[in-house]
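Hi there,

Here is the structure I promised to pass on to you. Have a look at it first, and then read on for what turned up in it.

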Amino acid sequence: MNVGSGRLEDSPVYADQFQIYHGNANPDLARKICRYLGMEPGPVNVFQFANENIFVQILDNVREKDVFIVQPTCSPADGRGDVNLSIMELLIMIDAFKRASAGRITAVVPYYAYGRSDKKDQPRVPITARLVADMISVAGADRVLTMDLHQGQIQGFFNIPVDELTAVHILSNYFKHKHIEDLVVVTDLGFAKRARTFAELLDAPLAIIEKRRVGNLDRAEVLNVIGEVKGKRAIIVDDEVDTAGTLIETVNALRGEGVDEIYACASHGVLSGQAVERIEESALRELVLTDTVPLPAGKRIAKITTLSIAPLIGEAIKRIHRGESVGALFSSEVEFTQEMLLWEDGIAKKLDIRWKPGEGDDGPGDVPEAAVPSDQPDQARESGPAAWLRQLASTKQGEE
């Protein structure tokens, strides 16, 4: 469906002047967002010439439209690009839409690269997070929609409105439905505020990892575990897993403190270098990530579970377009922020938590609908995320 020409009742958003476009960084996420909103991505060409110059051409009229560009600043799953290429694609796309007289341009950046370069912690080093923010603003973006920045103060680097979403509610609800007893939530000082929310949602105590980053290495040295963890089951919470060096150091420190069952979760799974190998060989039971960063097929192992944040971003886009509150997404009035979605090859499936062989015939991820009590009326059962999942499944079957 071309969302630029539909009627209001034909789409869950005001369709007359609204469109979503994407670059090459994470097209799968963009398509999932569009499926949730009941539309197709807008037509645009984004490619490189032989001399590695990027070319962007918008293939329809965007004059006075409300435009959303979905482009996390990460490496594409196909390996044909890198972080810096994704940033340049985003900037050039913003410039193209500005020169095409788009009414408003929102840069949807689920993963914000260079977030750790947010201060001068050494002599004569840049604050690259501020530089990237300046480039996005100068390129012509009117606002930014992002998720779980490395530090909240990065919002202040922008001179345009920034809406920061969080995956804490989705991740915590995943573990809540596992019904794990004697839990303790473990994090470092940098993520302590959001980890406190995570711990409160699970009604679990919080322990802090004291760590020290050694020079410019991609790992940190764990110095101490602050809090009572012995004999408990631990969930390590962070905003990002990069090389997994710090994660494995934390796992080893917790095992040294008498913790045998260890899980981990993060909003962004960069998984660079030998990260997957480290996770596979570690004592970690499970690592739960979201799809802000695409996970290549070669990095999909049994220990890694991916939850989609497409419905959350889609709902935020809808609310931004309508001028409604984005903060209300994380209140009790919107239930779908608690929904758990597992995406496998573009198919949304409901997670069957703590499934074991012999316990049921379907196995994990084979129930394509949200958990709705069977005594509810049919109309209630057909609304919200459950209806979306059924529609998505039928759409996928039709495509095949």
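Let's start with the largest cavity. Its lining is made up of Tyr-111, Tyr-112, Gly-115, Met-147, Asp-148, Leu-149, His-150, Asp-239, Glu-240 and His-268. Sorted by class, that lining has four nonpolar, three polar and three charged residues. The volume of the largest cavity is about 60 Å³, and the structure holds two cavities of 30 Å³ or more. Please keep in mind that this is a predicted model.

Now for the sheet. Five strands build an open sheet, with parallel pairing and the order 1-4-5-6-7. Why do strand 1 and strand 7 each have one side without a neighbour in the sheet? Strand 1 (18–22) and strand 7 (162–165) stand at the edges and have a single partner strand each, so one side of each is left free of a neighbour in the sheet. On average, neighbouring strands of this sheet are turned by 20 degrees against each other, direction ignored.

At one edge, strand 1 pairs with strand 4 (residues 66–70) in the parallel sense, over five bridges. There you can find His-22 opposite Val-70 in strand 4.

Which strands do the helices touch? Helix 1 (residues 27–37) packs on the sheet against strand 1 and strand 4, and its direction makes about 160 degrees with that of strand 1. Helix 8 (residues 310–322) also packs on the sheet, where it touches strand 1, strand 4, strand 5 (104–109), strand 6 (143–147) and strand 7. The direction of helix 8 makes about 155 degrees with that of strand 6.

Enjoy exploring!

Best wishes

Notes: Residues numbered from 1 in each chain as written. Predicted model: local features only at pLDDT ≥ 70, side-chain atom pairs only at ≥ 80, totals over all residues. Heavy atoms only, no water. Pairing = 2+ DSSP bridges. Helix = DSSP H or I, 4+ residues; strand = E, 2+ residues; numbered from the N terminus. Axes fitted to C-alpha atoms, helices over the stretch in contact; angles between N-to-C directions. Contact = heavy atoms within 4.5 Å. 1 Å grid on protein atoms, 1.4 Å probe; cavity = no way out; pocket = protein on both sides within 12 Å on 5 of 7 lines; lining within 4 Å. Points joined across faces, edges and corners; volume = space filled by probe spheres on them. Nonpolar A, V, L, I, M, F, W, Y, C, P; charged D, E, K, R; others polar.
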